[in-house]
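Grab a pencil and open the viewer. Here are some exercises, each with a worked solution to check yourself against.

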Amino acid sequence: MGEIAAAAATQVLIDVYNVDLVVNFGVVGALTDEMTVAENCVVEKILHTQFGADICEMECAAIFLTCQRNHVPCIFIKAVSDSLTGDGKEYYQEYLRAASLCLDITDKIIHQL
């Protein structure tokens, strides 16, 4: 359901607000041992796990496809909130730090545009 909501919200942004760029940021789960908690990832292409993705992100594909169909560029900025071997406890301990890192990076990118 999150993918459908993400696509719909993206389409509203494009149709109603005529945006020049869609920026999506947030926390993700790690899929490999190399991705540590609070590591930042700037995702330029949507990669499925069978192609070696390092993070678990459900909504980016929907946002990307919606932007692509409307010829609107997009960027995804993600920070890892829980490791491959972590559990719910790790997520709740780390998501604020990961989210804060993501916001800092997003702010820097937006100010450079």
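**Exercise 1.** Find the residue at which helix 3 bends, and say by about how many degrees.

*Solution.* Step through helix 3, residues 88-112, and look for the kink in this predicted model. Helix 3 bends at E94, by about 45 degrees. Now check the length. At 1.5 Å a residue, the 25 residues of helix 3 should span 36 Å. The end C-alpha atoms of helix 3 are 35 Å apart, which agrees. Last, look at what is tucked away: E90, E94, A98, C102, I105 and T106 are the buried residues here. So E94 shows up twice, as the site of the bend and in the buried set.

**Exercise 2.** Work out how the buried residues of helix 1 are arranged around its axis.

*Solution.* Start with the span. Helix 1 has 16 residues, and at 1.5 Å a residue they should cover 22 Å. Its end C-alpha atoms are 22 Å apart, so expectation and model agree. Next, list the buried residues of helix 1: A6, T10 and I14. Looking down the axis, you'll see that these buried residues fall within an arc of 65 degrees, so they line one face of helix 1. Then turn to the other side of the helix, where I4, D15 and V16 are exposed.

**Exercise 3.** Decide whether T10 is buried or exposed, then find what T10 touches.

*Solution.* First, place T10: it sits in helix 1. Its relative accessible area is 4%, and buried means under 20%, so T10 is buried. Now look for a polar partner. A polar atom of the T10 side chain lies 2.7 Å from the backbone oxygen of A6. Finally, skip the neighbours within four places in sequence, and T10 is in contact with V22, I63, T66 and C67.

**Exercise 4.** Name the residues of the largest nonpolar core and the helix that gives the most to it.

*Solution.* Begin with a rule of thumb: in soluble globular proteins, nonpolar side chains tend to be buried together. In this model, the largest nonpolar core has nine residues: A6, I14, V22, C60, A62, I63, C67, V72 and F76. Two elements give two or more residues to this core, helix 1 (2-17) and helix 2 (60-69). Helix 2 gives the most, with four residues. There's also a second, separate core of six residues, including I77, A79, A98 and I105.

Zoom in on two members of the largest core. A62, leaving aside neighbours within four places in sequence, is in contact with E3, A6 and A7. C60 lies in helix 2 and counts as buried, at 3% relative accessibility. The C-alpha atoms of C60 and I75 are separated by 9.4 Å, with their positions 15 residues apart along the chain.

**Exercise 5.** Find out where N18 and H71 lie, and whether each is buried or exposed.

*Solution.* Take N18 to begin with. N18 is not a glycine, yet has a positive phi of about 50 degrees. N18 lies in the loop between helix 1 and strand 1 (22-30). With a relative accessible area of 63%, N18 is exposed.

Now do H71. H71 has a positive phi of about 60 degrees, although H71 isn't a glycine either. You'll find H71 in the loop between helix 2 and strand 4 (74-82). At 74% relative accessibility, H71 counts as exposed.

Technical notes:
Residues numbered from 1 in each chain as written. Predicted model: local features only at pLDDT ≥ 70, side-chain atom pairs only at ≥ 80, totals over all residues. Heavy atoms only, no water. Core = buried A, V, L, I, M, F, W, Y, C linked by side-chain atoms within 4.5 Å. Buried < 20%, exposed > 50% of the residue type's maximum accessible area, 1.4 Å probe, protein only. Contact = heavy atoms within 4.5 Å. Polar contact = N/O pair within 3.5 Å; in protein donor to acceptor, adjacent residues only side chain to side chain. Expected span 1.5 Å × (residues − 1). Bend = angle between axes of the 7 residues up to and from the residue. Arc of directions from axis to C-beta.
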